[in-house]
Amino acid sequence: KSLYHSVSTPAIIKAFIVNVVLQLQIIKFSFIRWFMHFCIFIGFMGLLALTAWEAFLADILPASSALVRVFFNNGGRLILDVWGEVFGTMLLAGLIIALLRRYVFRVAQLDTILKDTVSIVLLLIISVSGFIAEAFRLMAIPGSPDLIYSFVGLLFAKVFAAAGIPMLNYKLFVWLHGLAAMLFIALIPFSKMWHAFASPLEII
């Protein structure tokens, strides 16, 4: 009979915020487990949404539209850059914790199979290649207006410069970043990452 009760909009909104976005149902088991899930989920979903939004602006809306002008011509692009740094950093932090838990500390509750390793490696390639591409781009364009907004890419660039790593063509890493992302997205329905999309719907 519980299947036939009236829909409670406040309950749905609360479930979305508390259990989907913040994922507070996990924190009671372990803070580090919650932090890892939160970083990977928000980091990946944020980057996915950001990329989709940029693609919508660049490829679907006419170049003369107000939204395109705001985000691409009037400094709005810098806002997208900042959020790209934030989501990318969150994803990388979550992945580092996942690698440590699965392959270094070998937490007992985790049953690691090949699909898990492939997912983590692809996400790691996506995250790191994005920052490397950004670092080499900043090295190639020292006076780039988004220099201070690309704070993680700038950190990578400084590390590369200090280590004497020569500047490479950043477009190679852009291609690696894009291809790894498309391959990962294609594999989502066949991996445990599918629960990142299915679980929110189930919770709501």
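**Figure 1. Surroundings of Ser129 in helix α6 of the predicted model.** Leaving out residues up to four places away in sequence, Ser129 touches Leu124, Phe173, Leu176 and His177. The side chain of Ser129 makes a polar contact with the side chain of His177, at 3.3 Å. Ser129 has a relative accessible area of 3% and is therefore buried, the cut-off being under 20%. Phe173, one of the residues that Ser129 touches, is itself buried in helix α8.

**Figure 2. Ala133, a second buried position in helix α6.** The relative accessible area of Ala133 is 7%, so this residue counts as buried. Not counting residues up to four places away in sequence, Ala133 touches Tyr170, Phe173 and Val174. Phe173 is also touched by Ser129. A further residue, Ala186, is 53 residues from Ala133 along the chain, and the two C-alpha atoms are separated by 23 Å.

**Figure 3. Helix α8, residues 170-187.** With 18 residues at 1.5 Å a residue, α8 should span 26 Å, and its end C-alpha atoms are 26 Å apart, which agrees. Phe173, Ala180 and Phe184 are buried in this helix. Seen down the axis of α8, the buried residues fall within an arc of 35°, so they line one face of the helix. Trp175 and Met182 are exposed on the other side of α8. The cover over the buried residues of α8 includes α3 (31-60) and α6 (114-140). Two residues of α6 with partners in this region are Ser129 and Ala133: Ser129 touches Phe173, Leu176 and His177, among others, while the residues touched by Ala133 include Tyr170 and Val174.

**Figure 4. The N-terminal end of helix α8, capped by Asn169.** A side-chain oxygen of Asn169 lies 2.9 Å from the backbone nitrogen of Lys171. The helix that is capped here comprises residues 170-187.

**Figure 5. Gln23 in the loop between α1 (9-21) and α2 (24-27).** Gln23 is not a glycine, yet its phi is positive, at about 55°. Most residues other than glycine have a negative phi. The relative accessibility of Gln23 is 8%, so the residue counts as buried.

**Figure 6. Ala63 in the loop between α3 and α4.** Ala63 has a relative accessible area of 63%; exposed means over 50%, so Ala63 is exposed. Apart from residues up to four places away in sequence, Ala63 touches Val68 and Arg69. The C-alpha atoms of Ala63 and Ala15 are separated by 38 Å, with the two positions 48 residues apart along the chain numbering. Of the two helices that flank this loop, α3 has the highest mean pLDDT among the elements of the chain, 92, and α4 (residues 66-73) the lowest, 82.

**Figure 7. Ile204, in the segment after α9 (195-203).** Leaving aside neighbours within four places in sequence, Ile204 is in contact with Ile12, Phe16 and Val20. The C-alpha atom of Ile204 is separated by 8.1 Å from that of Ile13, although the two residues are 191 residues apart along the chain. At 42% relative accessibility, Ile204 counts as partly exposed.

**Figure 8. The whole protein chain, for orientation among the close-up views.** The chain has 9 helices and 0 strands, and from the N terminus on its elements run α-α-α-α-α-α-α-α-α. Taken along the principal axes, the C-alpha atoms fill a box of roughly 65 × 50 × 30 Å. Of the 204 residues, 33% are buried. Among contacts with a separation of 6 or more, 64% are between residues 24 or more positions apart. The accessible surface comes to about 12,500 Å², and carbon and sulfur atoms account for 74% of this area. The mean pLDDT of the chain is 86, with 94% of its residues at 70 or more. Where pLDDT is low, the predicted coordinates should not be read in detail.

Note on methods. Residues numbered from 1 in each chain as written. Predicted model: local features only at pLDDT ≥ 70, side-chain atom pairs only at ≥ 80, totals over all residues. Heavy atoms only, no water. Helix = DSSP H or I, 4+ residues; strand = E, 2+ residues; numbered from the N terminus. Expected span 1.5 Å × (residues − 1). Buried < 20%, exposed > 50% of the residue type's maximum accessible area, 1.4 Å probe, protein only. Arc of directions from axis to C-beta. Contact = heavy atoms within 4.5 Å. Polar contact = N/O pair within 3.5 Å; in protein donor to acceptor, adjacent residues only side chain to side chain. Areas by Shrake-Rupley, 256 points an atom, 1.4 Å probe, with all protein chains shown as cover. pLDDT = per-residue confidence, 0-100.
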